[in-house]
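Got your viewer open? Let's walk through this one together, one selection at a time.

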Amino acid sequence: MTPEMTSVTTPPLIELGAPVLGEAEKAALAEVVDSGWLTMGERVRRFEEAFATLHRVPDAVAVGSGTAALQLALAAFGIGPGDEVLVPSMSFVATASVVVHTGATPVLVDVEAADRPLLSLEHARTLLTSRTRAVIVMHYGGYAVDMPPWRAFADKHGLMLIEDAAHAAGLSGVAGVHSDAAAFSFFTNKNMTTAEGGVLLVRDAELRARVRRMRSHGMTSSTLDRDRGRAVGYDVVDAGHNFRMDELRGALGSVQLARLPEWNDTRRSRTRRYREALAAALPEVRVLFDDAHPTTAHILPVTLPPGTDRAAVMARMRAARVQTSMHYPPIHEFDFYRRTIGPVTLARTEQFAEVELTLPLHPLLSPEDVDRVVGSLVGALHERTTHG
Ligand SMILES: *Cc1c(COP(=O)(O)O)cnc(C)c1O
């Protein structure tokens with residue numbers, strides 16, 4: 001029997017991810033309720049300014065989700081039926097579904113290598129056609145895509161360069177700097193949260209103004225402007241959406257943003273501990289990328305030895321009270337995409353998806369928790385070899 005089986009208390013669950021929420025968030029929400037002004041106000045504006053400052057760009061547009069941010073980028077660039085957009089298959093499905101919603105066709109691109117899940121520029125180049133209008137790159141796990149070569153590729157072929165920066169909040173100096181637009185997500189499992197929410201950074205000031213209008217029905221003035229007597233009427237100059245962020249989320253965002261750099265430091269520090277502990281205990285399990293790679297350390301992705309029964313490993317770790325996951329099932333293998341764009345083979349993406357395992361990582365995870373996770377992975381892999 002293991003010591004755990006004889007113990008009267010089960011060990012606490014180590015969660016895959018967990019938002020950090022406390023008194024500051026409660027106070028910020030209460031303050032919005034007390035103010036009586038729930039949407040389209042100064043709190044969202046202040047959050048946008050603070051987000052832009054942290055990312056060293058002139059301005060930011062807050063929206064209702066990361067998906068809405070991506071959708072607005074494509075809409076503001078006028079991407080639609082007949083167009084093709086190069087997208088990663090190794091991403092969350094929203095990276096492709098936003099393209100479908102514009103009426104354009106997503107063209108799924110492979111990753112650089114079976115242990116390097118960033119979009120392959122070399123493969124993207126082979127998929128260019130006269131209809132290609134844009135490319136979306138994704139900072140997998142918060143690990144920075146090398147943007148200057150993508151900028152040169154986009155410029156050479158007249159494409160819009162969009163970043164899915166859902167994992168990259170706080171990747172200052174990279175995310176939003178080289179692209180035409182960068183979309184961030186503040187869903188509960190991201191590095192900072194507003195429950196649901198997102199931001200779009202847009203390089204060109206005119207396009208940014210268009211995005212801001214399209215976020216709110218394509219109208220030329222806001223409720224706040226009219227309320228404050230700054231504008232009396234409005235025109236509608238685009239087919240817009242209601243993709244606004246409200247004041248409750250704006251207030252939450254400002255509180256979370258102030259702590260984001262510290263949380264990302266903790267994530268990077270725990271990632272280093274994982275690297276050291278796994279190198280010592282399980283050299284056949286590799287933490288992706290290396291310590292010098294710029295990252296927000298959004299998740300902790302490892303590759304298991306080929307042939308490992310991942311489902312069994314995950315079940316054994318769950319029994320040891322450790323949550324795990326995998327990022328991501330390839331988009332080109334989903335039923336909808338197989339039916340609508342036909343069968344596609346992306347060998348490196350498929351190989352990676354078979355061996356990737358995501359271990360717990362969040363700012364509340366202690367160094368001892370990291371050791372417990374590694375211990376449970378050692379146990380889970382050992383069981384495999386002893387029991388076949
Ligand atoms: C979370 C996520 C999204 C979508 O963001 P939402 O805010 O949930 O709409 C898009 N792409 C990636 C890679 C994500 O992880």
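Which residues in α2 meet which residues in α10? Before you click, know that this is a predicted model, where local features need pLDDT of at least 70, side-chain atom pairs count only at pLDDT 80 or more, and totals for chains, interfaces and linings use all residues. Residues are numbered from 1 along each chain as its sequence is written, and side-chain values use heavy atoms, with hydrogens and water left out.

**Stop 1: α2 and α10**

Select residues 23–35 for helix α2 and 247–281 for helix α10. (Helices are DSSP runs of H or I with at least four residues, numbered from the N terminus.) On the α2 side, pick A24, E25, A28, L29, V32 and V33; they meet E247, L248, A251, L252, V255 and Q256 in α10. Contact here means heavy atoms within 4.5 Å.

Now look at how the two helices lie. Their axes come within 9 Å and cross at roughly 150°. That makes α2 roughly antiparallel to α10, a label for angles over 145 degrees. An axis is a line fitted to C-alpha atoms over the stretch in contact, and the angle, from 0 to 180 degrees, is taken between N-to-C directions. The crossing is right-handed: the near helix is turned clockwise from the far one by less than a right angle.

Try coloring the α2–α10 contact by class: you get nine nonpolar residues, one polar and two charged. (Ala, Val, Leu, Ile, Met, Phe, Trp, Tyr, Cys and Pro count as nonpolar, Asp, Glu, Lys and Arg as charged, and the others, Gly among them, as polar.)

**Stop 2: α4 and its neighbors**

Next, select helix α4, residues 66–76, and helix α5, residues 94–102. Their axes come within 9 Å and cross at roughly 40°, so α4 and α5 are oblique to each other. Oblique is the label left over once roughly parallel (under 35 degrees), roughly antiparallel (over 145) and roughly perpendicular (65 to 115) are taken out. This crossing is right-handed. Show T67, L70, Q71 and L74 of α4 with A94, T95, V98, V99, H101 and T102 of α5 to see the contact. By class, this group has five nonpolar, five polar and no charged residues.

Keep α4 on screen and add helix α8, residues 205–214. The axes of α4 and α8 are 10 Å apart, at an angle of about 120°, so this pair is oblique too. L72, A75 and A76 in α4 meet L207, R210, V211 and M214 in α8. Here the split is six nonpolar, no polar and one charged.

**Stop 3: the ligand**

Which residues come nearest to the ligand? Of the 16 around it, they are G66, T67, D164, S185 and K190. (Around means having a heavy atom within 4 Å.) Zoom in on D164: an N or O atom in its side chain is 2.7 Å from a ligand nitrogen. For S185, a side-chain N or O atom is 2.7 Å from a ligand oxygen, and for K190 that kind of pair is 3.3 Å apart.

**Stop 4: two backbone oddities**

Most residues other than glycine have a negative phi, and most peptide bonds are trans. Select M40, in the loop between α2 and α3: its phi is positive, about 55°, although it is not a glycine. Finish at Y328, in the loop between α11 and α12. The peptide bond from H327 to Y328 is cis, with omega near 0°.

Methods:
Polar contact = N/O pair within 3.5 Å; in protein donor to acceptor, adjacent residues only side chain to side chain.
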